[in-house]
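Here is a friendly note to read alongside the model. Keep the structure open and find each residue as you come to it.

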Amino acid sequence: MRLILLGPPGAGKGTQAQRLVEKYGIVQLSTGDMLRAAVAAGTPVGLKAKDIMAAGGLVPDEVVVDIIADRIEQADAANGFILDGFPRTVPQAAALDDLLKRKKMKLDAVIELKVNEGALLQRVENRAAETRARGEEVRADDTPEVLAKRLASYRAQTEPLIDYYSERRSLLTVDGMMSIDGVTEEIGRVLSAIGAGTSAPAKAAPRQASKRSSKGASKAAKASRKPARAAGKPARKAKAVKKAKKAAKAVKKAAKGARKAAKKVARKPARKPAKKAAKAKGARKAAKATKKVTKKRAKR
Ligand code: AMP
């Protein structure tokens with residue numbers, strides 16, 4: 001199974017990714033973790049990324065695309081993976097599409113964790129406190145000031161991906177404001193609704209059952225994709241306008257046809273009396289002839 005987890009910083013992507021790893025036996029590929037490791041190791045990529053990350057900006061697309069291209073080829077990713085924090089821009093998503101196509105890999109779903117921005121600061125503060133309590137080092141970018149910048153880059157550069165993936169019908173939206181367990185349960189539900197998540201070696205459902213449920217599953221999947229589509233985003237609006245124009249044209253055509261038919265009907269009754277008149281004329285002629293004959297006979 002191959003998944004993308006989409007959501008702003010503090011949405012719970014990392015926590016949910018870990019649970020998916022356990023449940024489905026796939027690997028979590030977090031570009032944030034990989035970049036932090038590169039920074040800690042002082043690699044050329046780390047040196048490039050360090051200041052950008054500390055300021056809450058985005059590392060250049062080509063850097064993260066290269067990292068992911070290498071990583072998804074490794075043996076531990078053969079059973080599937082969850083991309084956490086990647087893609088973060090439309091060019092990254094397009095590069096990932098190309099990459100997967102070249103490697104003949106299919107993406108099962110993109111899960112969007114929808115959260116209230118207001119709750120994020122509290123979540124990030126909690127995360128920092130928990131990290132401190134464990135005696136670990138707190139992330140340099142888990143501060144209110146940097147969070148504001150990370151949220152700004154999420155809104156400007158990552159949020160367009162919601163449209164990108166909903167247009168490709170692979171987006172599943174989950175309410176990320178529920179409890180951690182609630183979110184996990186909902187993710188499991190939407191994944192089984194699309195027939196994904198049956199490939200985990202230990203948890204695989206019996207073949208027959210998964211086959212039987214596939215019809216209902218695709219219906220349910222469509223329903224779970226609905227909230228994202230209902231948001232009325234520009235590209236979809238354009239499609240809707242096109243559709244409406246087409247429908248209006250069809251209505252116009254139908255109306256024209258109806259008018260033509262009405263004219264035809266209107267003409268018909270006019271022809272009928274004419275026929276009747278002709279018949280009546282014939283009858284009168286016949287009556288006259290009969291009269292003439294009767295008169296002649298009377299004379300005789
Ligand atoms: P994260 O742990 O996912 O919150 O990422 C931490 C930081 O790493 C981000 O604020 C970015 O500076 C950088 N980063 C992680 N993933 C990406 C990505 N896909 N594109 C660009 N920058 C990234």
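1. **Starting point: Gln157.** Let us begin with one residue in helix 7, which covers residues 144–158: Gln157. Please keep in mind that this is a predicted model. Is Gln157 buried, exposed or partly exposed? Its relative accessibility is 37%, so Gln157 counts as partly exposed, because that class lies between the 20% limit for buried and the 50% limit for exposed.

2. **The surroundings of Gln157.** Which residues does Gln157 touch, once neighbours within four places in sequence are left aside? The contacts are Leu58, Arg88, Thr89 and Val90. You can also look for Pro91: along the chain, Pro91 and Gln157 are 66 residues apart, yet their C-alpha atoms are separated by 9.8 Å.

3. **The largest nonpolar core.** Next, turn to the nonpolar residues. The largest nonpolar core holds 31 residues, and Ile4, Ile68, Phe81, Leu83, Leu96 and Tyr165 have the most contacts inside it. At least two residues of this core come from each of strand 1 (2–6), strand 2 (27–30), helix 3 (44–54), helix 4, strand 3, helix 5 and helix 8 (160–167). Which element gives the most to this core? That is helix 4, with six residues.

4. **Ile68 and a separate core.** Ile68 is a good residue to click on. Not counting residues up to four places away in sequence, Ile68 touches Leu29, Thr31, Met34, Leu83, Phe86, Leu96 and Leu99. Another core, of 24 residues, lies apart from the largest one, and its members include Leu147, Val174, Leu191 and Ala196.

5. **Two tyrosines and an arginine.** A pair of aromatic rings is described by the distance of the centres and the angle of the planes. The structure holds one aromatic pair. Tyr164 and Tyr165 form this pair, with 5.0 Å from centre to centre and 80° between the planes. The arrangement is edge-to-face, because the angle is over 60 degrees. Both Tyr164 and Tyr165 are buried. Arg168 joins the picture too, lying over the face of Tyr164 at 3.6 Å from the ring centre.

6. **A salt bridge between distant parts of the chain.** Side chains of opposite charge can pair when their charged atoms come close. How many salt bridges are counted here? The count comes to 14. In one of the salt bridges, Lys103 pairs with Glu73, and the closest N and O atoms are 2.7 Å apart. The partners are 30 residues apart and link distant parts of the chain: Lys103 is in the loop between helix 5 (90–102) and strand 4 (109–114), while Glu73 is in the loop between helix 4 (61–71) and strand 3 (81–84). With a relative accessible area of 26%, Lys103 is partly exposed, whereas Glu73, at 54%, counts as exposed.

7. **A bridge with a buried partner.** Look next at Lys114 and Glu112, which form a salt bridge with their closest N and O atoms 3.9 Å apart. Lys114 has 48% relative accessibility, so Lys114 counts as partly exposed. Glu112 has a relative accessible area of 4%, so Glu112 is buried.

8. **A charged network.** Finally, find Asp141 and Arg139, whose salt bridge has its closest N and O atoms 2.9 Å apart. Asp141 is buried at 10% relative accessibility, and Arg139 is partly exposed at 25%. Which residues make up the network that salt bridges with shared partners create? Arg127, Arg139, Asp141, Asp142 and Arg150 are joined into one network.

Note on methods:
Residues numbered from 1 in each chain as written. Predicted model: local features only at pLDDT ≥ 70, side-chain atom pairs only at ≥ 80, totals over all residues. Heavy atoms only, no water. Phe/Tyr/Trp six-rings, centres within 6.5 Å; stacked < 30°, edge-to-face > 60°. Buried < 20%, exposed > 50% of the residue type's maximum accessible area, 1.4 Å probe, protein only. Lys NZ or Arg CZ within 6 Å of the ring centre and 35° of its normal. Salt bridge = Lys/Arg side-chain N within 4 Å of Asp/Glu carboxyl O. Helix = DSSP H or I, 4+ residues; strand = E, 2+ residues; numbered from the N terminus. Contact = heavy atoms within 4.5 Å. Core = buried A, V, L, I, M, F, W, Y, C linked by side-chain atoms within 4.5 Å.
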